[in-house]
Amino acid sequence: MSNEVSTEKKGIAAETHISRRKFLQILGQTTVVGAAAGCADGAKEHLIPFVKGEVDQVPGVAVWYRSTCQECSAGCGIQVRTREGRAVKVEGNRDHPINGGGVCALGQASLQALYDPDRVRQPLKVAERGTSTTGESILRHETMSWSEGLQKLAERLKDNGKKKILITGEVSGATAELIAEFAKSQSVEHIVWDPLQPVATAQASELVYGVYGVPRYDFGKAEVVLNFGADIFETYVSPVEYARAWAKNRKLGTPSRIIHVEPRLSLTAGNADSWLNVSPGSELWLAKYLLAEMVRRGKGHGLRESILDGIRSHCASATMDRVVQECGIAKERITLLAQYLVEAKSSLVLSGGASSASTESLALAVATALLNLVLGNVGDTVHLDAMRKPQSSLAKIRKAVEEMDAGKVGTVIVWGTNPAYSLPAALKFHYAVKKVGLVVSCNSALDETAALADIILPANVALESWGDSRPVAGVYSLVQPVMQPLYDTRSFGDILLEAMGGAVSGGAKDFQGYLQESWKKIHQASGSADSFERFWSACVEHGGYFPQLGTTDRARVNVSDSALGLLDRGVHFTVGKESGTELVLLPFPSVKSFDGRAANRPWLQELPDPIVQSVWGGWAEMHPDKAAKLGIAYGDVVQLRNDYGELNLPVYLSAQVHPDVVAVPMGYGHTAMGRYAKEAQAGNVMALLSPELGNSDAAVLLNSTVLVQRGRGRETPIVQQEMHDQHDREIARSVRVPALGAAALGGLHSNGGHGHGAHGGGGGEGGHGGHHEPKQMYEQREHPVYKWGMAVDLAACTGCSACVVACYAENNIPVVGVAQAKRRRVMSWLRIERYTDGSAEELEVSFLPMMCQHCNNAPCEPVCPVYATYHNEEGLNAMVYNRCVGTRYCLNNCSYKVRRFNWFEYDVPEPVQWQFNPDVVKRGVGVMEKCTFCLQRINEAKDHAKDEGRLVADGEVQPACVQSCPTEALVFGNLNDPHSRVSELSHSPRAYKVLDHHINTQPSVIYLERVRCEV
């Protein structure tokens, strides 16, 4: 037997050896220096004293700054926790009218954009570019000064011989104003490119309602919601805002009946009451039939007869038989859907998302807008007073690429977008841009577009910048820097100001001054009696100025004559020349990948996809029946090929995708951007898309077919949960309500729920429903003051996984990477389990957050040989990390499998360690770790309460998962307090504890059954 104990370090071949004598010495000293040993990670740590104090900072006390998330165009308000001058946590601003305190996974991962180890840290210029003798590309940069880079840019801007183009992502507020001034003074064309923008919806509003923009939807007021593919819980427009509104009426007892139409089970489809798995591209036929049926049944009061006649004429071909044939769904389901819309006092119809992004996306958007008009939803659930106005244009950027290829463009500046990656490869942006005289990238990451640039002038990330966001009328949201820039980077506004010589209105010398000049107009319009300085300070403190989010005034609509003509169009797909089995390609964004903009953030790479539960890479999702016909089995690599390119991906077999579809997630297959983006290799699905334009300016995603055949080798997606059947264990329970209204929900009992009750077990005695107190063999422990517990309302949980990323950020949970993820060694303390029940036509999907249940009869505690895990007097299953010797008995004995063993000392590249929360120890190798209900937050609240001579108030403690939840599905508090929210929810007729009736673990986590409308 060896006399040495070795520890393995990921990515490093060398081993650190500790002699047995040294090991026993350390073990014997744990009572004296255990705390220090438990915190240490083996590396040298240099303590730097806070020599120069600041008036607004106290060492060890957090300082919060309010700002606005810039990860997408939703404009959610955030507040950032800083410690000793560095940002450590991003949370939602509860005073913000858009998100009301919730924040999505992407927004929380913005912290990793700040501490990205692969960030461009100073201006660069290309020193060498070419191809080696072995065929590998060569790209080498060298540093340059800001003055040199800005001088080069300014010189090119003075050259009027060729066209100059600025390509950005979606912008608003003062940044948009400055860009407009820059474009006018320098004769630059500004083009916006964001492939996820709902441009078709905005254009349809202009054709049908007479005003351009995406309407404001009132999900809480609608009795029936018909959704044609819009992924409202993931990437569509404002997911946090929509999820919050959806959950509110579910919890209040007036749930909307949601019908989702899409050829693949998405996160939004999984949360719907009914999912219609239609053939790809057939949604327009269903919309036309419903439109004609509504008019036939007398809907459309107050509309001009010419509009109603036009609907009858252009939708006449959409007969029931034709719709059944095109969509592939039963006649009874279509009839029932029409009946729901007719009988509803208020309804809502919307379209969007990847499955609607066909060449005829505008036609479908017009049909849904007309449905809202005929059903009387405009001014009721569809508001035109606070519309979002997307600016992205595929037509403009395609024209720009053609001009680049023709040699007509002399200068291209890119910021906030990555067209070399996110445009269809068939447009050949990466070839055309090489013919441009000077290409300047202002992106903070060395992405695919930056790799093609001649010089890189890196802009600050949003957490280092001043700015604002004005997503809708009545919302003026401020962006402020929460810490000093880490590197030699500058604000994009300052880059533009210096490039144009500072000749702007107001005479501002920097972008902060320009922003304040812009806000002086807001101050004047507000009618505030305060000086601008006081008004500005109050807005910075609150995160913005929010006078009013829309009104309820009914708007006058003006239907264009060309709108009805679009209904005659039909979706077509670009078919390749090769013969064989071709399936429709469905590229789709998800809550973790979006369009690839956050691919170099390890939290998101290790976050399981809510539906497939895959991490670190993409996949090709196929129906098992279709795969069997092609001789493809799970574990095979499939080859997808058409005239534009080829991808080889591991196959994922799912009955929740249409047989005619192969679905591939967007956001993977990066050739640049950083180490984490490259590690998650799966191929960029944009390489297979046709360059064809649709009938709108929106990105066209659903337009190509691919030849599918078995490829070489075997590989499986890295799936963290492969079993989605509950096996009658009543893990995630749900109940169907027969009618709308609080009375229906208030009378719920578990005997109507899904799980044991729904499968014949029944409630009360003899079944597993209802409440019961089992007889105890031993005297139970008392909790004299606090008994901490959590309630999880499954009726409000969408499975968005925001809580999972929040837990990573708050508790310094390590990211293990691809190799260890394949061995199921992901370290997350909280996971979202996904279960499916029922038949294909009556599919029920459930999402269940699973964390440590803090059992009163914890199976993990009696088996620990060193008493590292124990039950404390406040009801927590606590961990003494420096006492743990890694036997893993507790993991084996845990009924919920929520404990994680730290196998390695994981590499943390500079400056990622700056994101660590200083209030939480970094666990070392060989230690078991798990959820602690954010014990550090509990202790902080107890300290405040002790200083004021009182107990902790209800709601004063919010673990990271609770604070981040967009739908407020999680509630934390003291179960001993009968008036606390968590205590009241624990006595709900929907309340139950997972597996408790089987094994008597007595968890402190209470779940409330999921609520669904009968369909």
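Strands β39 and β40 pair in the antiparallel sense, and two bridges hold the pairing. The model is a predicted one. This briefing covers a sheet, a hairpin, salt bridges, a contact between distant residues and the cavities.

**The sheet around β40**

- Four strands make up an open sheet, and their order is β38-β31-β40-β39.
- The pairing in this sheet is mixed.
- The edge positions belong to β38 (970–974) and β39 (991–992). Each of these has a single partner strand, so one side of each is left without a neighbour in the sheet.
- Strand β31 (residues 788–793) runs parallel to strand β40 (residues 1005–1008), and four bridges join the two.
- Two positions show how β31 and β40 line up: Met-790 stands opposite Val-1005, and Asp-793 has Leu-1008 as its bridge partner.
- In the pairing of β39 with β40, Ala-991 stands opposite Leu-1008.
- In a regular strand, side chains alternate between the two faces of the sheet.
- In β40, Val-1005 and Tyr-1007 point one way, while Ile-1006 and Leu-1008 point the other way. All four of these residues are buried.

**The β6–β7 hairpin**

- Strand β6 (residues 124–131) pairs with strand β7 (residues 137–143) in the antiparallel sense, over seven bridges.
- Within this pairing, Lys-125 of β6 stands opposite Glu-142 in β7.
- The two strands form a hairpin, with five residues between them.
- Gly-135 lies in the turn of the hairpin and has a positive phi of about 95 degrees.

**Salt bridges**

- The structure holds 48 salt bridges.
- Arg-490 and Glu-498 form one of them, with their closest N and O atoms 2.5 Å apart.
- Arg-490 has a relative accessible area of 26%, which lies between the limits of 20% and 50%, so this residue counts as partly exposed.
- Glu-498 is also partly exposed, with a relative accessible area of 42%.
- Arg-733 and Glu-730 meet through their side chains in a salt bridge, at 2.5 Å from N to O. Both residues are buried.
- Glu-874 forms a salt bridge with Lys-942, and the closest N and O atoms are 2.6 Å apart. This pair links distant parts of the chain, since the two residues are 68 residues apart.
- Glu-874 sits in the loop between β34 (869–871) and β35 (877–879), and Lys-942 sits in helix α30 (residues 935–947).
- Glu-874 has a relative accessible area of 12%, which is under 20%, so this residue is buried. Lys-942 has a relative accessibility of 24% and counts as partly exposed.
- A network of salt bridges links Arg-81, Arg-83, Glu-84 and Asp-919.

**A contact between distant residues**

- Thr-967 lies in the loop between α31 (960–964) and β38.
- Thr-967 is buried, with a relative accessible area of 4%.
- Thr-967 and Trp-246 are 721 residues apart along the chain, and their C-alpha atoms are separated by 8.1 Å.

**Cavities**

- Rolling a probe the size of a water molecule over the atoms shows where empty space is left.
- The structure holds 17 cavities of 30 Å³ or more.
- The largest cavity contains about 250 Å³ of space.
- Its lining is made of 22 residues, and those nearest the centre of the largest cavity are Gln-197, Pro-198, Gly-352, Gly-353 and Ala-357.
- Two elements give two or more residues to the lining of the largest cavity: α7 (199–208) and α14 (361–374).
- The largest share of this lining comes from α7, which gives three residues.
- By residue type, the lining of the largest cavity divides into 13 nonpolar residues, eight polar residues and one charged residue.
- Domain 3 (199–388) and domain 4 (584–719) each give at least three residues to the lining of the largest cavity.

Note on methods. Residues numbered from 1 in each chain as written. Predicted model: local features only at pLDDT ≥ 70, side-chain atom pairs only at ≥ 80, totals over all residues. Heavy atoms only, no water. 1 Å grid on protein atoms, 1.4 Å probe; cavity = no way out; pocket = protein on both sides within 12 Å on 5 of 7 lines; lining within 4 Å. Points joined across faces, edges and corners; volume = space filled by probe spheres on them. Nonpolar A, V, L, I, M, F, W, Y, C, P; charged D, E, K, R; others polar. Domains from an automatic or database assignment. Pairing = 2+ DSSP bridges. Salt bridge = Lys/Arg side-chain N within 4 Å of Asp/Glu carboxyl O. Buried < 20%, exposed > 50% of the residue type's maximum accessible area, 1.4 Å probe, protein only.
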